[in-house]
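Colleague: I am new to this structure and would like a close look at a single part of it, namely the charged side chains that pair with one another. Please set that part in its surroundings as you go.

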Amino acid sequence: MPSASPVSQLLESDSWNSLKDLRSPSQASQALSRTTSFSSNVSDTDDRPRRRSEPAYSFVGMHCIFDQCKAMVTVIKFGHMSSDLLAYGATDGSLTVCSVSMPPSVIKQLTGHSKDVTDFDFSTNNQYIASSSMDKTVRVWDISRGLCIRVIYGVSSQLCIRFHPVNNNFLSAGNAKKEINVFNFSTGRTISTTVVDGEVTAMDHDHTGQFIFCGDSQGCIYTVSMNSHTGALSRTHRNRSSSKHRSAVTTVEYRTFSLLARGPVLLTFTRDGSLSFFSISLEMKGYLTLRCSLKLAPRLHSIRASFCPLLSLEKGEYIVAGSEDANVYFYDLTRPKNTCVNKLQGHGYPVIGIAWNHGENLLASSDFGGTVIVWKRAKTA
């Protein structure tokens, strides 16, 4: 099996136009009050950093590259609370588990899916991976043995999946039949089902496991309450897309705290390029309030976005996203103008997946051609 190819010398931040330029972002504007909401429209490449660089978001170069996959890498994630365990799934049905500790290496190649891997998730102890696929199955893998220990067969494509954050015996999966199903990890049996208005394309749990936030093929975002003991589901809220053209949600990501909202928040991203940032009222059964949004160029592929690490009270709300032009872009949602604060260049194909490690010193990105690049952040004082 081909091993990872670490870059021997880290690239220095130099010229904006150089091929693998890693220029640091400018200072963010002051965080907005929790009652402020606004939107902005930009293309991916409209903005350039113009102010003094912000050291906290400097990148010193590539930590390592994994290039043995020859199919589009659709989803990439670090292990739960892990700084070095990385996995990614591809359109050829493969799942690859790696270590990014020096020297980087491929740990296991998990094969069994016959079509695209659409999503996967690590168990809290990182012993198992649960994956969903266009082949209509959910598979559970024992990472250490490299074996599939359970297959759950469906009647439609399985599009997204999550382990319950508190009770790892529950698996939640969204499918093309507009269903969210909760499965028993031990038996594979369906415990509960709820139906939404479109294909369930992305999901995430809150940290307590009381709610599932999911997006559908029509651009709607749903809050679904979940009983952590029985697995029972019930829909509580729906947030309709304001766009005239319905566009599939590619990213739903929960964060326990945001400086902008002073509480839990949700990030969503759709294929028409709409980034939305919601505050969450857990007291009101997961009610979502739109705080700010950003309109980027439409995507041809199911490109994902992610929150960036928190900086300080004076900084903005940063988001990182892939793009069709093969760059990784960083945006500050608190800026009405000049929202793009940094970009990373190095991929040769559209960038699909994005993931931070637990230590937030490494950022992994995957592309249409099958390459995974792990970028190293500069150390801050």
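Modeller: What follows begins with the whole chain, turns to the salt bridges, and ends with the rings, a histidine and the cysteines.

This is a predicted model, in which local features need pLDDT of at least 70 and side-chain atom pairs count only at pLDDT 80 or more, while totals for chains, interfaces and linings use all residues. Residues are numbered from 1 along each chain as its sequence is written, and side-chain values use heavy atoms, with hydrogens and water left out.

The protein has zero helices and 29 strands, where helices (H or I, at least four residues) and strands (E, at least two) are DSSP runs numbered from the N terminus. Of its 381 residues, 59% count as buried; buried stands for a relative accessible area under 20%, exposed for over 50%, and partly exposed for what lies in between, with a 1.4 Å probe and protein chains only. About 15300 Å² of the protein is exposed, and carbon and sulfur atoms supply 49% of that area, which was calculated by the Shrake-Rupley method with a 1.4 Å probe, counting for residues only the protein chains shown as cover. Among contacts (heavy atoms within 4.5 Å) with a separation of 6 or more, 53% are between residues 24 or more positions apart.

Now to the part you asked about. The count of salt bridges comes to nine, each being a side-chain nitrogen of Lys or Arg within 4 Å of a carboxyl oxygen of Asp or Glu. One of them joins Asp 119 and Lys 77, at 3.4 Å from N to O. Because Asp 119 belongs to strand β7 (residues 117–122) and Lys 77 to strand β3 (residues 73–78), this pair ties together parts that are 42 residues apart in sequence. Both partners are buried, Asp 119 at 4% relative accessibility and Lys 77 at 15%. The pair does not stand alone, for Lys 77, Asp 119, Asp 121, Arg 162 and Asp 204 are linked in a network of salt bridges. Lys 77 also has a ring beside it: its charged end sits over the ring of Phe 120, 5.5 Å from the ring centre, a description used when NZ of Lys or CZ of Arg is within 6 Å of the centre and within 35 degrees of the ring normal.

Asp 197 offers a second setting, with two arginines as partners. Its side chain meets that of Arg 235 in a salt bridge of 3.8 Å, N to O. Asp 197 lies in the loop between β14 (190–195) and β15 (200–205) and Arg 235 in strand β18 (residues 233–239), so the two bring together parts 38 residues apart in sequence. Asp 197 also forms a salt bridge with Arg 238, at 2.3 Å, N to O. Since Arg 238 lies in strand β18 and Asp 197 in the loop between β14 and β15, this second pair ties together parts 41 residues apart in sequence. Here the side chains count as partly exposed: Asp 197 at 35% relative accessibility, Arg 235 at 33% and Arg 238 at 35%.

Aromatic rings add further links. The structure holds ten aromatic pairs, meaning rings of Phe, Tyr and Trp (its six-membered ring) with centres within 6.5 Å, called stacked when the planes are under 30 degrees apart, edge-to-face when over 60 and tilted for the rest. Phe 277 and Phe 307 make an edge-to-face pair, because their ring centres are 6.1 Å apart and their planes lie at 80°. This pair links distant parts of the chain, with Phe 277 in strand β21 (residues 274–281) and Phe 307 in strand β23 (residues 305–307), 30 residues apart. Phe 277 is buried at 0% relative accessibility, as is Phe 307 at 3%. Elsewhere, Phe 59, Phe 330 and Trp 356 form one aromatic cluster.

His 80 is placed in the loop between β3 and β4 (85–90), and it is partly exposed at 38% relative accessibility. Beyond its neighbours within four places in sequence, His 80 is in contact with Phe 122, Ser 123, Thr 124 and Asn 126. Its C-alpha atom is separated by 7.6 Å from that of His 358, 278 residues away along the chain.

Finally, there are zero disulfides, a disulfide being a pair of cysteine sulfur atoms within 2.5 Å. For Cys 160, the closest cysteine sulfur, in Cys 214, is 7.2 Å from its own, too far for a bond.
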